[in-house]
Amino acid sequence: MKQLLLSIFWFAVIFTASAQNPIPESAAENEFSKAIDLFQQGQFLSSRSTFEGYLVDYPNHYRNAEAAYYIAFNAINSGQKDAEYLMSNFVSNNPVHPKALSAYFDLGNYYFQQGEYKKAIKYYNQVNFSDLPSELAYEGKFKSGYCYYTSNKEDEALRLFEQVSISKNAYYEDALYYSGVVYYNRNDYERAVSNLLLAEKNSKYRDLTPELIGGSYLILGKYDELIKYINGLGQIKLQREIQLLTAEAYYHKKDYFKASELYQLALSSNRGKVSPIIYYHQGYANYKAENDNQAIEAFKIAALSSDTIGQYGSYYLGILYTKTGNKQFALNAFEESSKTKYSGAIREESSFRVGQLTYELGHFTNSIDHLNRFLLDFDNSSFVPAANDLLSDAYLKTNNYDVAISHIEALRNRSQAINTVYQQVTLLKGIQLFNDSRFAPAIAMFNKSLSTPIDSENSYAANYWKGESYSIGSRWVDAINAYSKVVFNRSASKSVYYLKSRYGLGYAYYNTKVYDRAKIQFAEFSKAYNGEYDKLQYLDALIRLGDCYFAEKNYSAAITNYENALRGRSNDKAYIHLQLGLNYGFQGNNQQAKRNFQQVITNYGQTREAERSAYQMAQLDFESGEFNDAVQEFTLLITDYPASQLVPNALVKRGVAHFNLQNYEGTINDYQIVLDQYLTHQVANSALLGLQEVVSTSGSTIDMDTYIEKYRQANPNDSSLENIEFETAKSRYFTQDYEGAITRFKSFNSTYPQSSLMGEVVYFIADSYNRSNNQDEALNYFYQVLDYPQVSYFNRSILRIADIEYSRANYPIAIKHYKYLISRATNKRETYNGLEGLMLSYDKLGTADSVQWFANKILGQDQVSANGSSSANLYLGKAAISKQSYEEATDFLNQTIAIADDENAAEATYLKGLILNRQSQYDASNEILFGMNSKFSVYEMWLGKSFLLIADNYLATNELFQAEATLNSVIEKSPIQDIVKSAKKKLLVIKEHKQDIIEEQAASTDTTTSKNEE
């Protein structure tokens, strides 16, 4: 508005000067003056209306053209739609009128004030600035230039700005400033500085020019001029940017101490975003000034960039973390810098350092992978010798032996050192397979180890473990050969595997009934015992030595060894007392024999030893002619142990005792029970003959032909077609042709529906379906096996039913059958299987108290396997976690880990890390979890879960770079898709909020650093 009034004033002067002679006042003049007064008062609509009335009333007055101008000008000032038309019409009709000179200028100024720069340009372009007074011309050119500037038409803008800045005028500094900005944007920093230095003399640009001038000096490499210029500014606004420019100048002058101080001042407050390059320079300045902690904090932010700055930032983070002893963080940093290809030298060194650090952290499998990749990618690197040394040692220390073996077997030329490594890793892989119950591939690995017999101790170990593998498969001759290569090797006498092999060899001979040789091995093993070896093995050797003497009928020597085992507190007391009873019985010392049998019956409940002791008690009375006592003892066995396999024998013997007591009815009853319920048992023949005799003796009217026919059908001779077909079907099963086995057994079922073998047939069909992963049919047939309680596979079927129902999450049904299995268990293994199933089922149901009860029952069993013990402790730990009893849980988890390096230990280690995470002890949690990579890398699920938790710990401690690096590593390396999916999801969340997190971390870092400095 001010500019419009000035224009009016100027044209009023022109108009007055042109009117030399005043005219008389008239009505027209009064009306015109009235309209002018309204215009000057800003009443534009009223003024326009008055002017329009004036034109109607005085159509020929000499001031009509001027009135038309004011009508258009009022329309402009009041924003009426016809303003442009009116003004254009005025100019067209009055091209030589003085006001025509300013009409478009006024329109341009009007739209300029409104910010409609494109319209303003349209009218400024129609003004001949040379016809205007110089000040108005400068004004118009500047404003026109500014309109071009805002429209990104820098050429036109710069031309006009330069015209304005050729001499002093009201817009001189304005033109200099904006032309300086244009030159700056065009990278013409010399001209930019020249113009901006002049522009800043105007106070309104004093706070705007320093950053541009300083930036120009910086880009031009005029660091001293920049510093001098900044120092001459004093206190100004944008202090942070000025400090950054000065810091950059000192950085480029390599005055890193001064640069680091200025960076710290500039970045001590979180005001606006800062380029990653600034954080990189801050980090490097502190790195050179040996301010390691400040350098790390800056590089952490720079490293988040996805360009070359990120690569260099990651590299220097790796260097600094290595220097400060934080190897895990260094590893993540070098992994990131090795992935990008901006700098080949950085990538080369980073790749080597990844392999080196994974080795030093004990992540040997990863180290092998990284070092081999490094050697493939950088075969001419100066790091190659060091990489080869690390690789050889990593092969030895990895527990992912498959990787080591495949790598070595792929080598064209293998040195003695590599062959030594191969001998050891194949041995260790074999032991691992053995522990996983994969005995055939374990033997293959032991043979591979023996193919490079460089280290004798490893050879002894391979032969020993071969012997153990063959023993489990009951391949006793092969086991004897393997053990013998250690036992009969003179140089092996000091090996730890020497006595172990003697023990194994003793068992191999024992199981092949070569008792004289077994006796020698057990005796030598027992003599050498000095507390160094497993005491349980020593006591077991004494028992087996007793068994060998018993087999040779040297009862006194047998008794001596059994009693020595008892004095040593053997856990096999039930078996020892049973054997003592048998040996005393054979010596004719029935009193001592019965005393030992009674010990078993009284103290060891429903065990096989108790059954046998009860039977032997009765047998002693039977053989002594004490038939009344024998009847009572056999009756106790039959009553107390109804599921015992000795029941048929007891029935036959009790029948004989009844016969000798002339209780023919009792005899007939016992024999009939055998022939009705145990027709295929080996004593059925005796029962049939005995029944025939007692019928003859007593004159009974029993139809013997019926029993004879039943027996004949149930027990055909060996050449019978039924047995041949049954054995043919079994052979299909045992050669793992399960589909063929199912077909054969079903055919047998149809052909011989009344066969005494039907219980076994149904079991084999069930297990064939089970091994073919057809659980529906398997479950159907396993349930049918329960209709045959005397079949030898009865308990196994109960276990299979329970396991399948468990796998289908039918936990109450599974629990019912695990309990049934325990009630019928005939050995420790069946009891353990039942207890384990109950523990796992109650864990799935979230019933922590029951989990704890059954886990403790497992631990209370005699001779629990290492796996069983570790599993029980693990579930005790998990139950404690569910109750948030973290201290108690940690104790159980530690016991799990101490027992064996198996999957239970892997899960236990993860859970320890989880507990610490829940307690906000993030660093301690990570320390635990990082150990997973060195000890449990073969358990991919738990390894992946541990790294997901590590990433969570990093986020909780504001280590965004480490969290990203960890998740990227999981995505790249984990073969478990669920783990990769979780990692991607976490990474996506980080990326969505990355800038917010960076700024928060930058503020946190700056505040922390400032406090530290104070």
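Is Ser474 buried, exposed or partly exposed, and at what relative accessibility? At 45% relative accessibility, Ser474 counts as partly exposed, where buried denotes a relative accessible area under 20%, exposed one over 50%, and partly exposed the range in between (1.4 Å probe, protein chains only). The structure is a predicted model, in which local features need pLDDT of at least 70 and side-chain atom pairs count only at pLDDT 80 or more, while totals for chains, interfaces and linings use all residues. Residues are numbered from 1 along each chain as its sequence is written, and side-chain values use heavy atoms, with hydrogens and water left out.

The protein contains 55 helices and zero strands; helices (H or I, at least four residues) and strands (E, at least two) are DSSP runs, numbered from the N terminus. Its radius of gyration is 50 Å, well over the 31 Å that the globule rule gives for 1014 residues, so the protein is more spread out than a compact globule. The radius is taken over C-alpha atoms, and the globule rule is 2.2 Å times the number of residues to the power 0.38. Along the principal axes, the C-alpha atoms fill a box of roughly 175 × 70 × 50 Å.

Of the 1014 residues, 51% are buried. The accessible surface, obtained by the Shrake-Rupley method with a 1.4 Å probe (for residues, only the protein chains shown count as cover), comes to about 48,100 Å², and carbon and sulfur atoms account for 48% of this surface. Contact is defined by heavy atoms within 4.5 Å. Among contacts between residues at least 6 apart in sequence, 52% join residues at least 24 apart. The protein carries 97 positive and 116 negative charges, and the mean positions of the two sets are 3 Å apart. In this count Lys and Arg are positive and Asp and Glu negative, with His and the chain ends not counted; each charge is placed at NZ of Lys, CZ of Arg, CG of Asp or CD of Glu.

Helix 19 (residues 327-339) was examined for its length and its surroundings. Its 13 residues should span 18 Å at 1.5 Å a residue, which agrees with the 18 Å between its end C-alpha atoms; the expected span is 1.5 Å times one less than the number of residues. Eleven of the 13 residues are buried, so helix 19 is largely enclosed by the rest of the structure. The buried set runs through Gln328, Phe329, Ala330, Leu331, Asn332, Ala333, Phe334, Glu335, Glu336, Ser337 and Ser338. Their cover includes helix 18 (308-323), helix 20 (344-360) and helix 21 (364-377), together with helix 51 (922-935), helix 52 (940-956) and helix 53 (960-973).

In helix 43 (residues 775-785), the buried residues are Ala778, Leu779, Tyr781, Phe782 and Val785. These residues pack against helix 41 (738-751), helix 42 (758-771) and helix 44 (794-807). An α-helix has 3.6 residues a turn, so residues three or four places apart point the same way.

Individual buried positions occur in several further helices. Ser144, in helix 8 (residues 134-150), has a relative accessible area of 2% and is buried. Beyond residues up to four places away in sequence, Ser144 touches Ile121, Tyr124 and Leu160. Ala518 belongs to helix 29 (residues 515-528) and is buried, with a relative accessible area of 0%. Apart from neighbours within four places in sequence, Ala518 is in contact with Gly506, Tyr509, Tyr510 and Cys548. The C-alpha atoms of Ala518 and Leu636, which are 118 residues apart along the chain, are separated by 37 Å. Ile990, in helix 54 (residues 977-992), is likewise buried, at a relative accessible area of 3%. Ile990 and Leu960 are 30 residues apart in sequence and 8.2 Å apart in space, C-alpha to C-alpha.

Asp389 is placed in helix 22 (residues 384-397) and is exposed, with a relative accessible area of 58%. A distance of 64 Å separates the C-alpha atoms of Asp389 and Tyr178, which lie 211 residues apart along the chain.

Two loop residues were considered for their backbone angles. Most residues other than glycine have a negative phi. Ser474, in the loop between helix 26 (456-472) and helix 27 (476-487), has a positive phi of about 60 degrees although it is not a glycine. Glu290 also has a positive phi, near 65 degrees, and is located in the loop between helix 16 (276-288) and helix 17 (292-302). Glu290 is exposed, with a relative accessible area of 60%.
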